[in-house]
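Student: I have a structure to read and do not know how to start. Could you take me through a few features?

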Amino acid sequence: MQIVRDRRTLRRCLARTVLATALLGLGVTSAARADREDGERSSLMALLEPVQPQVEPVPTLVLERTGRRIASTGDPIWDLRLEIPGEPTRRFDAVSGRANRQNADRDRMGSRAPLPAGTYSVGPVEPLADGAYPELGPVWISIEPTFTTGRRVLGIHQDPSAGRLNSQSGTLGCIGLVHRKDMLDLSSLIEQSGTQRLVVMN
């Protein structure tokens, strides 16, 4: 190592050392400041991001086609299930539309096709007088599409003719439960749970 003997040279070496230290310190300070600004920016963006609302599960009816059929008439059996949060799922066999109209236009009034897929609002349970509506059973529950469709006057009811060879098996488009007891049980569960939503899957 060379010994610095000249004061002028010594001062120059000291000045360079001080400058290098200052530049090094400036670099570290800039990096720290940049990190801090990035952190602040991330925190600000997190505050500005829209908060996704927590959707509480609600009691829901779900109608879905199955691969089963009523042997005597060929009517496809649909699975109508009631999903109440925290409770076991209840399932009921149902029909929708006529057996030979399953592929007809489901959005056209009078097509006798199954319900169009989509979400519906469920109305109140309305008991029917015995014998007043022979093809509707003991209860009527209206359903209203929440989407655009040509179908009107829709509901959930029993289909007393389900499986009978009298040309009335199936429905004109409504949901028809195959069994009377199922219709009464479903009506009671809907009233108890406050179910107001139906989803037709397919």
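**Reading a buried residue and some salt bridges**

Tutor: Start with one residue: V178 sits in the loop that runs between β7 (175-177) and α2 (180-193). Keep in mind that this is a predicted model.

Student: Is V178 buried or exposed?

Tutor: Buried means under 20% relative accessible area. V178 has a relative accessible area of 18%, so V178 is buried.

Student: Which residues is V178 in contact with, leaving aside its neighbours within four places in sequence?

Tutor: V178 touches I70, D93, A94, V95, Q158, D159 and A162. As for W78, the C-alpha atoms of V178 and W78 are 9.8 Å apart in space, while the two are 100 residues apart in sequence.

Student: How many salt bridges does a search of the whole structure find?

Tutor: A salt bridge pairs a side-chain nitrogen of Lys or Arg with a carboxyl oxygen of Asp or Glu within 4 Å. The search finds seven. One of them joins R81 to E64, with the closest N and O atoms 3.0 Å apart. R81 is in strand β2 and E64 in strand β1, so this pair ties together parts 17 residues apart in sequence.

Student: Which residue besides E64 does R81 meet in a salt bridge?

Tutor: R81 also meets D79, at 3.6 Å from N to O. D79 is buried, at 9%, and R81 counts as buried at 14%, whereas E64 is partly exposed at 27%. E64, D79, R81, E83 and R91 are linked in a network.

Student: What separates D185 and K181 in helix α2?

Tutor: About one helical turn, because they are four residues apart in that helix. Their salt bridge has its closest N and O atoms 2.7 Å apart. K181 is exposed at 57%, and D185 is partly exposed at 31%.

Note on methods: Residues are numbered from 1 along each chain as its sequence is written. This is a predicted model: local features need pLDDT of at least 70, side-chain atom pairs count only at pLDDT 80 or more; totals for chains, interfaces and linings use all residues. Side-chain values use heavy atoms; hydrogens and water are left out. Helices (H or I, at least four residues) and strands (E, at least two) are DSSP runs, numbered from the N terminus. Buried means under 20% relative accessible area, exposed over 50%, partly exposed in between (1.4 Å probe, protein chains only). Contact means heavy atoms within 4.5 Å.
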